[in-house]
Amino acid sequence: MRYAVSAAVTLAALASAYQLPPKLRAIYDAHKNGSCSSPLSSPMTNGTVYCGDLANAIFLKSSNGYDDMDIDCDGANNSTGDCANDPTGQGQTAFMEEVSQFGIPDLDAHIHPYVVFGNAEGSPTFVPQDHGMRPLSVMAVVCDNQLLYGVWGDVNGGNLTGEASISLGKLCFPNEGLSGNKGHDAKDTLYIGFPGDKAVIGKDGADWRANSTLSFMDSIKALGDELVAGLPGSDECIRRGFTKEQ
């Protein structure tokens, strides 16, 4: 019972601290239906494209929504806890070398809320660096009517999209029993990446040694809020033809 109360308090605090801003809610509603008018990639196996319809951002878009959330357990402690049943887990992330400069051996999917972004193999491929994104930059994730922040922490070796660390998945959908072999299937999750050096947090901009997901996310929230505030407003969406009825 004590654990249940503690968990409820934690989730209530999270909901309060990471409420979806009105402008981002308008963006979410405006782009949800219809297709991407400025695709940056060909459709992946699941029909999703990397989309450039938002200024200063790259997001994943399907024809009937956004994307799902498969669970990634790669990195440190990849076979423990709810990742023990992961059939494709690997002991390192794509950016292990970069993150090791911050005093940890690799990202830990149980702690670090990271997004898998980019497709390195197969056809088609998509390389976010070619569009200005940098590894370990801050990303925004809209899921279950809330705004969460993570980092670009891994790359998909195939040509599927819509994947995030187990820690991020559990914050997004805490009641779905997500694990290394069970994800969230509905295409209602919006993943937003931010090109440019401004989105990179570096060694001192985040609590890389955090022992909880919320502690790490809190350490990058100020930068995340700044990046989200720089997205185009709803009026610009309307001018460009993205309306809720589209």
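A residue is called partly exposed when its relative accessible area falls between the buried range, under 20%, and the exposed range, over 50%. Keep that in mind for Glu226, which at 41% is partly exposed. One more thing before the close-ups: this is a predicted model.

**Figure 1. The whole chain is built from six helices and eight strands.** Follow the sequence from start to end and you'll meet them in the order α-α-β-β-β-α-β-β-β-β-α-β-α-α. The chain has 246 residues, and 49% of them count as buried. Its accessible surface comes to about 10,800 Å², with 49% of that belonging to carbon and sulfur atoms. How much of the contact count comes from residues 24 or more positions apart? Among contacts with a separation of 6 or more, such pairs make up 74%.

**Figure 2. Helix 2 covers residues 22–32.** Look here for the side of the story that is hidden from the surface. The buried residues of helix 2 are Leu24, Ile27, Tyr28, Ala30 and His31. Carry on just past the end of helix 2 and you reach Gly34, which has a positive phi of about 80 degrees.

**Figure 3. Helix 5 bends at Lys221.** The bend is about 50 degrees. Does the length fit, and what should we expect for 17 residues at 1.5 Å a residue? Helix 5 runs over residues 213–229, so it should span 24 Å, and its end C-alpha atoms are 23 Å apart, which agrees. Lys221, where the bend sits, is also one of the buried residues of helix 5. The others on that list are Thr213, Phe216, Met217, Ile220, Leu223, Gly224, Leu227 and Val228.

**Figure 4. Glu226 and Lys198 meet in a salt bridge.** Side chains of opposite charge can pair when their charged atoms come close. In this pair, the N to O distance is 3.2 Å. Glu226 belongs to helix 5, while Lys198 sits in the loop between strand 8 and helix 5, so the bridge links parts of the chain 28 residues apart. Buried, exposed or partly exposed: which word fits each partner? Glu226 is partly exposed at 41% relative accessible area, and Lys198 is exposed at 51%.

**Figure 5. Lys170 pairs with Asp82 in a salt bridge.** A search of the whole structure turns up four salt bridges, and in this one the closest N and O atoms are 2.0 Å apart. Lys170 is in helix 4 (residues 166–172), and Asp82 is in the loop between strand 3 (67–72) and helix 3 (96–99). That puts the two partners 88 residues apart along the chain. Lys170 is partly exposed, with a relative accessible area of 36%. Asp82 counts as partly exposed too, at 34%.

**Figure 6. Arg134 and Asp197 form a salt bridge between two loops.** Their closest N and O atoms are 2.8 Å apart. Arg134 lies in the loop between strand 4 (114–119) and strand 5 (138–143), and Asp197 in the loop between strand 8 (184–193) and helix 5, so the pair ties together parts that are 63 residues apart in sequence. Arg134 is partly exposed at 37%, whereas Asp197, at 56%, is exposed.

**Figure 7. Asn156 is a buried residue in strand 6.** Strand 6 covers residues 146–156. Why does Asn156 count as buried? Its relative accessible area is 15%, and buried means under 20%, so Asn156 qualifies. The side chain of Asn156 reaches the backbone oxygen of Leu160 at 3.2 Å. It also shares a polar contact of 3.5 Å with the side chain of Glu163. Setting aside neighbours within four places in sequence, Asn156 is in contact with several residues, including Val116, Gly118, Asn119, Ala120 and Thr161.

**Figure 8. Gln129 sits in the loop between strand 4 and strand 5.** Gln129 is partly exposed, with a relative accessible area of 38%. Which residues does Gln129 touch, not counting those up to four places away in sequence? They are Phe95, Pro135 and Trp152. Also worth finding in this view is Pro195, 66 residues from Gln129 along the chain. The C-alpha atoms of Gln129 and Pro195 are separated by 8.3 Å.

Methods:
Residues are numbered from 1 along each chain as its sequence is written. This is a predicted model: local features need pLDDT of at least 70, side-chain atom pairs count only at pLDDT 80 or more; totals for chains, interfaces and linings use all residues. Side-chain values use heavy atoms; hydrogens and water are left out. Helices (H or I, at least four residues) and strands (E, at least two) are DSSP runs, numbered from the N terminus. The expected span of a helix is 1.5 Å times one less than its number of residues. The bend at a residue is the angle between axes fitted to the seven residues ending there and the seven starting there. Buried means under 20% relative accessible area, exposed over 50%, partly exposed in between (1.4 Å probe, protein chains only). A salt bridge is a side-chain nitrogen of Lys or Arg within 4 Å of a carboxyl oxygen of Asp or Glu. A polar contact is a pair of N or O atoms within 3.5 Å; within protein, one must be able to donate a hydrogen and the other to accept it, and residues adjacent in sequence count only if both atoms are side-chain atoms. Contact means heavy atoms within 4.5 Å. Accessible areas come from the Shrake-Rupley method with a 1.4 Å probe; for residues, only the protein chains shown count as cover.
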